[in-house]
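The following exercises concern the structure shown below. Each task is followed by a solution that proceeds step by step.

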Amino acid sequence: MENTEKKGYESYVVVHNIAKRHNVGTLARSCTAFGVSELILVGRRDFNAFGSHGSTSHLNFRHFHSLSLAQSFLKERDCDICGVEITDDAVAVNQHPFKRNTAFLLGNEGMGLSAKECEICDFFVYIPQYGCGTASLNVTVAASIVLHHFGVWAGFPERTREGNKFVVAERPAKQVRKNYCAETAESIVEERRLKRENNSNGFFEESCKDESSSNLFGGLFSS
């Protein structure tokens, strides 16, 4: 299929149950580099932006309190949910098994995708490895590889280069830096309380009572 027939495809990244908070900031940088439409947070909405190198200003965020709400949102957009995990039926990502808009669900660094996360996936991809020294990749490294492959398949236009770097767009005027994703003492106490109540070892929780969704930029960059 020619690239001209693929214009308009979108990719999303769904972040749920990631153990290391700084990985979200680094992941945001990869999302920006590879043309992701939105980074979807499930559960808690605050995170550590360290490692993003300012790329969060160019990325849309969305929040849901549960995986089921995130799934409904993605299905309304004719989006497949692809689990990045080594499973019996996983396809090597370099075979580009994509058909439409795709959201990539990334597993916890230690345990991988949970059974609940696997249930909402339409298919799975894995990244072939050729060396013998490690069992898996860091979640942000894995995301970068998978997102690059999707961009190649979808025919995303390459960004203009200048010198030895790619040209960075100007920061949108409406996005003013204001207490960006600050973790307050109250939020940390609340996180620990939720962990105790739900006997969970994950980062994001689904125990919030509010079932609404929201675009995070409204709260993080208010005018």
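**Exercise 1. Salt bridges**

Determine how many salt bridges the structure holds, and characterise selected pairs by distance, location and exposure.

Solution. The model is a predicted one.

Step 1. A search over the whole structure returns six salt bridges.

Step 2. Consider Lys75 and Asp122, which form a salt bridge with their closest N and O atoms 2.5 Å apart. Lys75 belongs to helix H2 (residues 67-76), whereas Asp122 sits in the loop between helix H3 (115-119) and strand E7 (123-126); the pair therefore ties together parts that are 47 residues apart in sequence.

Step 3. Assign the exposure of both partners. Partly exposed covers the range between 20% and 50% relative accessible area. Lys75, with 36%, is therefore partly exposed, and Asp122, with 42%, is likewise partly exposed.

Step 4. Turn to Arg77 and Glu76, whose side chains meet in a salt bridge at 3.7 Å, N to O. Arg77 has a relative accessible area of 33% and is partly exposed; Glu76 has 65% and is exposed.

Step 5. Add Glu158 and Arg161, a salt bridge in which the closest N and O atoms are 3.3 Å apart. Both Glu158 and Arg161 are exposed.

Step 6. Look for shared partners: Asp78, Asp80 and Arg100 are joined into one network by salt bridges.

**Exercise 2. Aromatic pairs**

Classify the ring pairs Phe98 with Phe104 and Phe150 with Phe156, and state which cluster they belong to.

Solution.

Step 1. The structure holds ten aromatic pairs.

Step 2. For Phe98 and Phe104 the ring centres are 5.8 Å apart and the planes stand at 85°, so the pair is edge-to-face. Phe98 and Phe104 are both buried.

Step 3. For Phe150 and Phe156 the centres lie 6.0 Å apart and the planes are at 70°, so this pair is also edge-to-face.

Step 4. Compare the accessibility of these two residues. Phe150 has 1% relative accessibility and so counts as buried, whereas Phe156, at 26%, counts as partly exposed.

Step 5. Ring pairs link these four residues with Tyr9, Phe123 and Trp153 into a cluster.

**Exercise 3. Strand pairing and burial**

Describe the pairing of strand E6 with E1 and E4, and that of strand E2 with E3.

Solution.

Step 1. E1 and E6 run parallel and are joined by five bridges. Within this pairing, Ser11 stands opposite Thr102 in E6.

Step 2. E4 and E6 also run parallel, joined by six bridges. Here Gly83 has Leu105 of E6 as its bridge partner.

Step 3. Assess the burial of E6: six of its six residues are buried. Asn101, Ala103 and Leu105 point one way from the strand, while Thr102, Phe104 and Leu106 point the other way.

Step 4. E2 (residues 38-42) pairs with E3 in the parallel sense over five bridges, and Val42 is placed opposite Phe64 in E3. E3 (residues 60-64) is mostly covered, with four of its five residues buried.

**Exercise 4. Nonpolar cores**

Identify the largest nonpolar core, the elements that build it, and a second, separate core.

Solution.

Step 1. The largest core has 28 residues, and those with the most contacts inside it are Val13, Leu27, Cys31, Leu39, Phe98, Phe104 and Val125.

Step 2. Two or more residues are given to this core by each of E1 (11-15), H1, E2, E4 (79-84), E6 (101-106), E7 and helix H4 (139-154). H4 supplies the largest share, eight residues.

Step 3. Take Cys31 as an example. Apart from neighbours within four places in sequence, Cys31 is in contact with Val13, Val36, Leu39, Leu59 and Leu147.

Step 4. A second, separate core has 18 residues, including Val42, Phe73, Leu105 and Phe124.

**Exercise 5. The surroundings of Ser37**

Locate Ser37, decide whether Ser37 is buried or exposed, and list its contacts.

Solution.

Step 1. Ser37 is found in the loop between helix H1 (22-33) and E2.

Step 2. The relative accessible area of Ser37 is 19%. Buried means under 20%, and Ser37 is therefore buried.

Step 3. With neighbours within four places in sequence left aside, Ser37 is in contact with Glu10, Ser11, Tyr12 and Asn60. The side chains of Ser37 and Glu10 make a polar contact at 3.4 Å.

Conventions
Residues are numbered from 1 along each chain as its sequence is written. This is a predicted model: local features need pLDDT of at least 70, side-chain atom pairs count only at pLDDT 80 or more; totals for chains, interfaces and linings use all residues. Side-chain values use heavy atoms; hydrogens and water are left out. Buried means under 20% relative accessible area, exposed over 50%, partly exposed in between (1.4 Å probe, protein chains only). Two strands pair if DSSP finds at least two bridges between them. Rings of Phe, Tyr and Trp (its six-membered ring) pair if their centres lie within 6.5 Å; planes under 30 degrees apart count as stacked, over 60 as edge-to-face and the rest as tilted. A salt bridge is a side-chain nitrogen of Lys or Arg within 4 Å of a carboxyl oxygen of Asp or Glu. A polar contact is a pair of N or O atoms within 3.5 Å; within protein, one must be able to donate a hydrogen and the other to accept it, and residues adjacent in sequence count only if both atoms are side-chain atoms. Contact means heavy atoms within 4.5 Å. A nonpolar core is a set of buried Ala, Val, Leu, Ile, Met, Phe, Trp, Tyr and Cys residues joined through side-chain atoms within 4.5 Å.
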